[in-house]
Amino acid sequence: MVTVGITGGIGSGKSTVCAEWDKLGAVIVYADDLAKELMVGDQELVEEIRSAFGSESYFADGALNREFLASEAFARGRADELNKLVHPVVSKRVRDRMSRAEKEGADMFVEEAALLLDKGRPDIFDYIVLVTAGKSLRLDRVSERDGAPAEDVMARMKRQRCFDELLHLCDFVISNDSSLAELRREAVEVYHQMKGKGPESGAASQERAEL
Ligand code: ATP
């Protein structure tokens, strides 16, 4: 099984690429969705968040108080603290899903995560794919997708690191400055290239065998 991590700035086109790979049979895990799920579903994590950020982090019915946590994380500079609680739990679940996909005979496993390369290149992936697009294109696309004011999208962009600095950690760069059709075409091409090469060095596969 080929394992892939895909990353890129907000609105770069990661999910669109993953949707193409999904159609081709890849098993895709979206780290953001997984984090949201675990922040309400994993009782140990829920307790850790409550004790670090206070009971206001959750509503009475157990739903996550996103607005409160976002303001703690971003307005009060506690994003790293929150990430340190959530990241290991998400990481473990990604590894579980990866093992399951391998046992089930999947050809390719993909994790989509904006923070994929924050601590360097994770050694569980055979390939790292970066999706890029110009800032103003991303701004327009995300504003339209989310119906969000441009200032909000800009604020989200400013919190992200510069992906140009991470190019050396990536095996494939898909630049998405053209049409959706072109992005989809490139996604399919990169998929076949990765499958054709197989697990690159064997290191990531070896590591998985030990999970
Ligand atoms: P996020 O970081 O917010 O999760 P993302 O990187 O997954 O975003 P997508 O959701 O794939 O990005 O793309 C953002 C929006 O831009 C979507 O509505 C998508 O349909 C649109 N889009 C992506 N690429 C293009 C393109 N080349 N031309 C026009 N629209 C595009």
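1. Starting with the ligand: a backbone N or O atom of G11 sits 3.1 Å from one of the ligand's oxygen atoms. Keep in mind that this is a predicted model. G13 joins in as well, with a polar backbone atom 3.0 Å from a ligand oxygen atom.

2. N176 uses its side chain instead: a polar atom there lies 2.8 Å from a nitrogen atom of the ligand. In total, 16 residues surround the ligand, and those that come nearest are K14, S15, T16, R145 and N176.

3. Now the helix packing, beginning with α1 (residues 14-23) and α8 (residues 180-197). Their axes come within 9 Å and cross at roughly 55°, which makes α1 oblique to α8. If you care about handedness, the crossing of this pair is right-handed.

4. Who touches whom here? From α1 you get T16, V17, E20 and W21, and they meet L180, L183, R184, A187, V188, V190, Y191 and M194 of α8. Sorted by type, the residues of the α1 and α8 contact come out as 9 nonpolar, 1 polar and 2 charged. T16 is worth a second look: it is one of the residues that come nearest to the ligand, and it also takes part in the contact with α8.

5. Next up is α3 (residues 43-53) against α5 (residues 79-103). The angle is about 175° and the axes are 11 Å apart, so the two helices are roughly antiparallel. On the α3 side, the contact is made by L45, E48, I49, A52 and F53; on the α5 side, E81, L82, L85, V86 and V89 meet them. That contact splits into 8 nonpolar and 2 charged residues, with no polar ones.

6. Helix α5 also packs on α2 (residues 31-41), where the axes come within 9 Å and cross at roughly 110°. These two are therefore roughly perpendicular to each other. The α2 residues involved are A31, L34, A35, E37, L38 and M39, and α5 brings L82, V86, V89, V90, R93, V94 and R97. By type, you have 10 nonpolar, no polar and 3 charged residues in the contact of α2 with α5.

7. One last thing on α5: which of its residues meet α3 and also appear in the contact with α2? L82, V86 and V89 are listed in both, facing α3 and α2.

Key
Residues numbered from 1 in each chain as written. Predicted model: local features only at pLDDT ≥ 70, side-chain atom pairs only at ≥ 80, totals over all residues. Heavy atoms only, no water. Axes fitted to C-alpha atoms, helices over the stretch in contact; angles between N-to-C directions. Helix = DSSP H or I, 4+ residues; strand = E, 2+ residues; numbered from the N terminus. Parallel < 35°, antiparallel > 145°, perpendicular 65-115°, else oblique. Left-handed = near helix turned anticlockwise from the far one by under 90°. Contact = heavy atoms within 4.5 Å. Nonpolar A, V, L, I, M, F, W, Y, C, P; charged D, E, K, R; others polar. Near = heavy atom within 4 Å. Polar contact = N/O pair within 3.5 Å; in protein donor to acceptor, adjacent residues only side chain to side chain.
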